[in-house]
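User: I have a model open on my screen and would like to walk through it with you. Could you help me make sense of a few spots?

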Amino acid sequence: MSELDKTKSRWRLILGEQATKFEDNILSEDQSILDQALAAIYESDNNSLAGKKRGGSNASSPNLAKWLVDVRSFFPEDVVSVIQNDAMERKGLKQLLLQPEVLQHVKPDISMVGTLMSLNGQIPEKSKDTARQLVKSVVDDIMKRIEQDLRKAVTGALNKKAHSPISNFSATDWKRTIQRNLKNYDPKTKRIIPEKFYFFERRQKQKDWTVILDIDQSGSMYESIIYSSVMGAIFASMPALDTHVVAFDTAITDLTEMCANDPVDMLFGVQMGGGTDINKSVAYCQTLIENPSKTLFILISDLYEGGVRKGLLRRIEEMKDSGVTVLVLLALTDSGTPSYDKELGKEISKRGVACFAATPDRLPELVAAAIQKQDLKRFETVDK
């Protein structure tokens, strides 16, 4: 193919089927497949994904499954995520994701987990196992990414002389090691080949700190909810920490037990949407505090308060004055600055409470600083 033909074909793909400058078919077989995949989302009159309305319940699933395979064949993972999201928004295909034959072709990513969380109550029984595996794969990836550094940071902050768990055979946490390495089971030798060993923390006979995660479960917070659930699971697995995980909208749900057992269970326990009563949730969290000077309270919310704002500010101030280390995360995401109530954020910051968005890779440094009673306001200049 000449350079001119390559240029024409690229412009044909960019302009779509509405292009009128090219009379001949200048697309190769692969390019035609790519063109059809893009047209299914970005051509306004294209119905190739959902199919024409007709009787029966299985009309559109094969088309969508094929489309998902085609898209993943032509684009890198980050672009696939964008296109999948566009498909959900432009073509209203969320309901089709409730079918296992479609779900098995979806690229697991945070956005797709958020979609499944929003559809949680509608997922049919036949699709639950597939949906759970998709969510678990994303949670496992996040766990690998942040667990080691976060555990090391917390352990080091609690005891500057202590190191992260070392390879001491007698201190091996066999139950956790086996659970985390079941995926490495070798059917030929009938053995589990551990990718990583886990060890009990030494010299931790009692809880040193209480950590309370108070998570806003409004729909816009889905990415923060996912990262927060993994953070809560890591904290819950550490003997030195007494961890509580609370989720709220206008009601309050204590997810501590679910998070400690499996963060995937916690995510499916979240009910996204509805109103927001932060004040009510903070009031509940206050009842969990026993030793204020050894308590870290993290509120993860965009601060769009539907409850009593003055009451919320008063409670946060009460916590801080009693000795609780209080931190407000406007978002816990990989993306940029979130949308949040700037006025309420300023009021919280004026009371000496750090209030900013953070990326997951900042968590180890942030949590270590909080436990060591360092000034968290310094993070605002970086993340706000």
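User: Happy to start with a charge and a ring: over the ring of which residue does the charged end of K342 sit?

Analyst: Good place to begin, and please keep in mind that this is a predicted model. The charged end of K342 lies 4.9 Å from the centre of a ring. To count as sitting over a ring, the Lys NZ has to be within 6 Å of the ring centre and within 35 degrees of the ring normal. The ring under K342 belongs to Y340.

User: And rings with rings: which residues form an aromatic pair that is stacked?

Analyst: The count of aromatic pairs comes to one. Its ring centres are 6.0 Å apart with 15° between the planes, and planes under 30 degrees apart count as stacked. The two partners are F356 and F379.

User: How many residues apart are F356 and F379, and where do they sit?

Analyst: Both residues are buried. F356 belongs to strand β8 (residues 354-358), while F379 is in the loop between α15 (363-371) and α16 (380-383). The pair therefore links distant parts of the chain, and its members are 23 residues apart.

User: Let's move to E223. Is E223 buried or exposed?

Analyst: E223 is found in helix α9, which covers residues 222-236. Its relative accessibility is 15%, and the limit for a buried residue is under 20%. E223 therefore counts as buried.

User: Which residues does E223 touch, leaving out those up to four places away in sequence?

Analyst: One partner, L332, is 109 residues apart from E223 along the chain, yet their C-alpha atoms are separated by 7.2 Å. Contact here means heavy atoms within 4.5 Å. With residues up to four places away not counted, E223 touches I110, L332, T333, D334 and S335.

User: Now the surface: what is the area of the nonpolar patch that includes I192?

Analyst: I192 is in strand β2 (residues 191-192). It has a relative accessible area of 31%, so I192 is partly exposed, and patch members need over 30%. I192 joins W174, I178, L182, Y185 and F197 in a nonpolar surface patch of about 560 Å².

User: Last one, for the whole chain: what share of the residues counts as buried?

Analyst: The protein chain has 16 helices and eight strands. Its exposed area is about 19700 Å², with 49% of that supplied by carbon and sulfur atoms. Among contacts with a separation of 6 or more, 74% are between residues 24 or more positions apart. Of the 384 residues, the share that counts as buried is 49%.

How values were computed
Residues are numbered from 1 along each chain as its sequence is written. This is a predicted model: local features need pLDDT of at least 70, side-chain atom pairs count only at pLDDT 80 or more; totals for chains, interfaces and linings use all residues. Side-chain values use heavy atoms; hydrogens and water are left out. Patches are made of residues with over 30% relative accessible area and no salt bridge: like charges are joined within 9 Å, nonpolar side chains (Val, Leu, Ile, Met, Phe, Trp, Tyr) within 5 Å. Accessible areas come from the Shrake-Rupley method with a 1.4 Å probe; for residues, only the protein chains shown count as cover. A salt bridge is a side-chain nitrogen of Lys or Arg within 4 Å of a carboxyl oxygen of Asp or Glu. Helices (H or I, at least four residues) and strands (E, at least two) are DSSP runs, numbered from the N terminus. Buried means under 20% relative accessible area, exposed over 50%, partly exposed in between (1.4 Å probe, protein chains only). Rings of Phe, Tyr and Trp (its six-membered ring) pair if their centres lie within 6.5 Å; planes under 30 degrees apart count as stacked, over 60 as edge-to-face and the rest as tilted.
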